[in-house]
Structure formats: structure tokens, C-alpha cells
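Hi,

Here is the structure for your files. Please open it alongside this note; the findings follow below.

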Amino acid sequence: MPFPSESPRLLDAGEAALVAEFGTTVDPAIHDRVLALDDALRAAPPEGLRETVPTYRSLMIHYDPLVLDRDDLADRVLALAAAPGAARAGAAVWTLPCCYDPACAEDIGAVAQATGLTVERVAALHAGAEYRVYMYGFAPGFAYLGGLPRELAVSRRATPRPPHPANALLIGGGLAAVGTFPMPTGWYVVGRTPERLYAPHQPDPFPVAVGDTLRFAAIDAATFADLERRAAAGELVAQRREAA
């Protein structure tokens, strides 16, 4: 449950970082408060602020303790968190093409078996949902999402599977993710997008921002192969529009 107090709980993470926790659940309202504080600190950063890192329910604030006093930073954080939050500017809705063909969705059969659904229903549920990008972590561009339909809430694997393909769509533990780099995982691969959420050679290496909305549009294997070639050449193959 979210904390009963309107004020975030402040936790020290070593001598050079402060964490402001707003709750204990994956909740858009909690995440809105995290992003509002992040925006406020970025808009008027105190001297000595090094970096802010938003998560599902908290904001980690890295600072230079030789420049910025911890208690002064804490006072500013509490004041900003108590202030009315302005509407966030620049939020976007992205539609990413996604292939649910078995060659791209290596674990979709296992998910179907675990949930009692057909493979087609698993794909339809995943593609029909709307996801929020809550945070990046673990690897560059690895996007942690909320909004997975409850019917697809399977536990993570007891032991990791072999490395998943690049840009895999993953589910596990009631959450969803986009895995940019191949690596062993306890999540299930239910699809693959040709889009790159991490594009280091582009002006903006992370085109999708934390707080944006993701949707997935099902494509066949031939379309995936074509879009994969275009994305590899640097083309943005996802569709973007401003949130209403």
C-alpha cells in the first residue's frame, strides 16, 4: 500500500545519494509524484546535484556532499514534493511494431501453457494493452513497464533461460519489459520489436522517455525482417504522437 503520509520517506544511500520513496506499489499516481519531483529538481537544480534516477516508486538523488549539504537537500526535496505538481510536458504515446511469430516469441507457448490461454490469446492480450515506461535499468535501454494484463501475470522462471534476443518483449512477475541486449533472463520472451530503445549512434540515444506510454502493433515475420533491416540502418520504425 502507498505510504499514508503525503511526504516521501527519505533514505540515505551511502554518503552521496538520497532516495525519496513515495509508496510501495506499481501505481501510476505514485509514479506521477516521482516524475514531478524529478522535473522540479531538474528545472532548478541546486549546486552539487549530480544526477536523478526515477524508479517505479522512488527517486534516487545523487549529490556531492562536499558542495550540497544533506539536510539542505532533504528540506528542498520535501518542499518540492509538497508543492502542487505541474502537468508534465512532452509525454508521448509510442506504437512499437511487434512480432509474435514463434521464431520471435520463443516462450509464448510456455506462457500459454502456464495461463491456460491459447498462443493467439496471449499475443492478443499483450498487444492490446497500454503500458507505461516506469524506469530504465539493468542495461542500457532496458525498459521496465507497467500495465500488463492480469491474465498474463506469470511468475518469473525458477532458473534463468539462455540469452534472449535483442529487443525482446518480456513478461514475468506481473510486469513487462523490453530487453535491448541479449542476456540470460528469468523473464519470458513473448515477442520482439525491431525498434531500438537504445540507439547510441542517434542524437537521442533513448527516444522513449520515462513516463511515456507504449503500445504494440502485431506484425508478421516478413514485416519484422523488413523493419529490422530499416531499424538497423538507423530509421525510427515506431510511431510517436503527443499524449492528449
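How many disulfides does the count come to? Zero. Keep in mind that this is a predicted model.

Cysteines first. C98 takes part in no disulfide. Its nearest cysteine sulfur belongs to C99, 7.0 Å away. C98 is also buried, at 0% relative accessible area. C99 has a closer candidate: the sulfur of C104 is 3.7 Å from that of C99. That is too far for a bond, because a disulfide needs the two sulfur atoms within 2.5 Å. C99 counts as buried too, with 0% relative accessibility.

Next, a helix pair. Helix 3 covers residues 108-115 and helix 4 covers residues 119-128. Their axes come within 8 Å. The crossing angle is roughly 100°, so helix 3 and helix 4 are roughly perpendicular to each other. Which residues meet there? Helix 3 brings I108, G109, V111, A112 and T115. Helix 4 brings V119, V122 and A123. By class, this contact has six nonpolar residues, two polar ones and no charged ones.

Last, a residue in helix 5. E228 sits in this helix, which spans residues 221-232. The E228 side chain makes a polar contact with the side chain of R196, at 2.9 Å. Leaving out residues up to four places away in sequence, E228 touches R192, P194 and R196.

Best wishes

Technical notes. Residues numbered from 1 in each chain as written. Predicted model: local features only at pLDDT ≥ 70, side-chain atom pairs only at ≥ 80, totals over all residues. Heavy atoms only, no water. Buried < 20%, exposed > 50% of the residue type's maximum accessible area, 1.4 Å probe, protein only. Axes fitted to C-alpha atoms, helices over the stretch in contact; angles between N-to-C directions. Helix = DSSP H or I, 4+ residues; strand = E, 2+ residues; numbered from the N terminus. Parallel < 35°, antiparallel > 145°, perpendicular 65-115°, else oblique. Contact = heavy atoms within 4.5 Å. Nonpolar A, V, L, I, M, F, W, Y, C, P; charged D, E, K, R; others polar. Polar contact = N/O pair within 3.5 Å; in protein donor to acceptor, adjacent residues only side chain to side chain.
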